[in-house]
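Let's take a walk through this protein together. Keep the 3D view open and turn it as you read.

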Amino acid sequence: MNGSRSILLALVALAVLACRRETTPRARPNFVLILADDLGWADVGYQGSTFHRTPHIDALARDGLVFSQAYAAAPVCTPSRAAILTGCSPARLHITFVYGENAPFEDLEERLEEGAPGKLVSPTVRERLPEGLPTLASGLKELGYHTALVGKWHLAPAPRALGFDVQIGASPAGAVESYFSPYGLPTMKDGPRGEYLTDRLTDEAVRFLEESRAQPFLLVLSHYAPHTPLAAPEELVEEYRARADPDAPQRNPTYAAMIERLDDSVGRIRAALERLGLAETTLLVFTSDNGAFEGTNTRRRSEPITSNLPLRSGKGRVYEGGLRVPMVAWGGVAARRGTCAVPVVGTDLCPTMLALAGHAPLAVSDGLDLTPLLAEGGVLARDELGFHFPHESFASALRAGDEKLVYSWRREKSELYDLATDPGEERDLAAERPQRAAELERRLFGWLDTVGAERPARRMAEDER
């Protein structure tokens with residue numbers, strides 16, 4: 001009898017312990033987002049670059065999960081960064097152009113009056129994120145996270161107003177005047193003369209990791225590199241100049257040197273997480289804010305900055321070269337390894353990290369929680385991605401499956417591509433598949449209506465009014 005009672009008590013005790021284990025909340029993961037500026041999909045070794053040396057990024061890809069069809073939410077930085085931070089599409093936010101370089105939100109009618117008849121005029125944009133809009137940082141801060149933005153910002157209001165406890169190196173400007181100290185950044189003291197900015201931002205990021213290891217944290221390490229003005233330590237530039245092939249599409253030695261120092265930064269952050277015992281409880285995501293700029297260096301006109309080949313075009317365009325970006329997830333929080341070919345977009349990062357932290361879904365979000373893809377065998381319930389850039393190139397795009405529609409507001413005409421067979425968007429199928437092009441065009445316009453997108457307007461002549 002006593003033996004039976006002992007067994008019963010032991011079973012009860014085990015049941016209680018099991019219940020406690022089931023009800024004890026899982027430790028909240030840490031998040032590190034390393035964001036490059038204007039780094040192209042084809043600029044890294046694991047995507048095929050043979051000129052740029054990126055061993056640490058390549059190791060991250062080898063040991064983590066590569067999103068081979070990852071997109072920026074916009075082909076320029078401010079709207080792309082706003083989407084990452086809020087989970088809302090730039091079209092919904094009415095932030096579709098770079099901060100500080102477009103007319104204010106209410107100014108479209110005035111510009112229409114000033115424009116010549118027939119001229120296409122960019123829609124208005126907001127100068128700052130709407131007050132009270134939840135962000136990745138504010139949502140995690142509600143849950144007790146320590147949050148930091150180190151590096152480029154190029155948004156308004158300031159990082160502290162949107163949930164970041166720490167802001168270092170942030171500026172409303174889109175680029176720095178110098179990559180060597182003195183930098184003149186308002187939120188970071190200059191270092192010794194000649195100190196390199198990419199290295200300094202990494203120093204600050206590692207310091208934050210060391211000081212925050214006892215609590216859950218969000219670190220956004222937002223590099224200015226490899227955005228212009230191109231600059232890197234001269235001895236490294238000379239190394240690349242000596243091995244550059246004058247006939248290769250990627251041959252800019254300064255740009256390559258900038259990418260190598262960016263790659264060193266990725267390696268140092270990973271090493272710090274491993275040294276501090278944080279790798280298994282952290283999700284690290286490495287990506288870029290938009291595709292690479294394919295212009296020329298202002299100091300050496302004969303040296304193109306880079307090439308996005310085999311993708312078409314580059315920054316400022318809604319073709320693949322302007323939107324497709326490298327993206328890798330690494331750390332113990334991401335169980336899956338290898339390559340994921342499911343199309344994802346920067347807008348997905350906010351809902352993903354909030355979900356992993358146990359935060360309730362945001363009331364308004366255009367992104368999806370990618371945690372099913374971070375686990376083995378997961379899928380996403382999404383069949384299309386929309387992009388809207390009604391400035392300069394005046395175009396919008398919709399990807400549905402492997403098909404992609406590009407609509408030109410200037411020509412009022414659509415192009416249709418099959419990315420499965422034509423990732424370089426060389427063969428326009430709109431004339432061959434007019435019904436499909438018309439269907440995707442209707443879906444694109446429907447998406448624009450759903451998010452309340454501002455569209456470019458054309459000033460009419462007096463006799464047309």
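**A guided tour of the model**

The protein has a mean pLDDT of 90, and 88% of its residues reach 70 or more. This is a predicted model, and one part deserves caution from the start: over residues 1-25 the pLDDT is below 50. That stretch has zero contacts in the model beyond near neighbours in sequence.

With that in mind, let's turn to the interior. The largest nonpolar core holds 56 residues. Within this core, the members that touch the most others are Val32, Tyr179, Leu197, Leu209, Ile269, Leu273 and Leu284. Helix 9, spanning residues 253-275, gives the most to the core, with ten residues. There is also a second, separate core of 45 residues, with Leu155, Ala170, Met327 and Cys350 among them.

Leu197 is a good place to zoom in. Leaving aside residues up to four places away in sequence, Leu197 touches Val176, Tyr179, Tyr183, Leu185, Met188 and Tyr224. Tyr179, one of those partners, also belongs to an aromatic cluster with Phe180 and Tyr196.

Helix 2 (residues 55-63) offers another view of burial: Ile57, Ala59, Leu60 and Ala61 are buried there. What covers them? The cover over the buried residues of helix 2 includes strand 2 (65-67), helix 9, strand 8 (282-288) and strand 10 (327-330).

Now look for rings. The whole structure contains twelve aromatic pairs. In one of them, Phe31 and Tyr145 are stacked, at 5.9 Å centre to centre and with 15° between the planes. This pair links distant parts of the chain, 114 residues apart: Phe31 lies in strand 1 (residues 30-36), while Tyr145 lies in the loop between helix 6 (136-142) and strand 5 (146-151). Both Phe31 and Tyr145 are buried.

Phe97 and Phe389 form a tilted pair, 6.0 Å centre to centre with 40° between the planes. Here the partners are 292 residues apart, with Phe97 in the loop between helix 4 and helix 5 and Phe389 in strand 13 (residues 384-389). Phe97 counts as buried because its relative accessibility is 10%, and Phe389 counts as buried because its value is 0%.

Stay in that loop for a moment, since Thr96 is found there too, between helix 4 (90-93) and helix 5 (108-114). Is Thr96 buried or exposed? Its relative accessibility is 5%, so Thr96 counts as buried. The side chain of Thr96 makes a polar contact with the side chain of His391, at 2.7 Å. Not counting residues up to four places away in sequence, Thr96 touches Val76, Pro79, Pro90, Ala91 and Val125, along with His388, Phe389, Pro390 and His391. Phe389, then, is both a contact of Thr96 and the ring partner of Phe97.

Two arginines are worth finding as well. The charged end of Arg53 sits over the ring of Tyr240, 4.4 Å from its centre. Arg312 lies over the face of Tyr319, with 3.8 Å to the ring centre.

Finally, visit Ala381, in the loop between helix 12 (371-374) and strand 13. Its relative accessible area is 81%, which is why Ala381 counts as exposed. Ala381 and Leu368 are 13 residues apart in sequence and 8.6 Å apart in space, C-alpha to C-alpha.

Methods
Residues are numbered from 1 along each chain as its sequence is written. This is a predicted model: local features need pLDDT of at least 70, side-chain atom pairs count only at pLDDT 80 or more; totals for chains, interfaces and linings use all residues. Side-chain values use heavy atoms; hydrogens and water are left out. A nonpolar core is a set of buried Ala, Val, Leu, Ile, Met, Phe, Trp, Tyr and Cys residues joined through side-chain atoms within 4.5 Å. Buried means under 20% relative accessible area, exposed over 50%, partly exposed in between (1.4 Å probe, protein chains only). Helices (H or I, at least four residues) and strands (E, at least two) are DSSP runs, numbered from the N terminus. Contact means heavy atoms within 4.5 Å. A polar contact is a pair of N or O atoms within 3.5 Å; within protein, one must be able to donate a hydrogen and the other to accept it, and residues adjacent in sequence count only if both atoms are side-chain atoms. Rings of Phe, Tyr and Trp (its six-membered ring) pair if their centres lie within 6.5 Å; planes under 30 degrees apart count as stacked, over 60 as edge-to-face and the rest as tilted. A charge sits over a ring if NZ of Lys or CZ of Arg is within 6 Å of the ring centre and within 35 degrees of the ring normal. pLDDT is the predictor's confidence in each residue, from 0 to 100.
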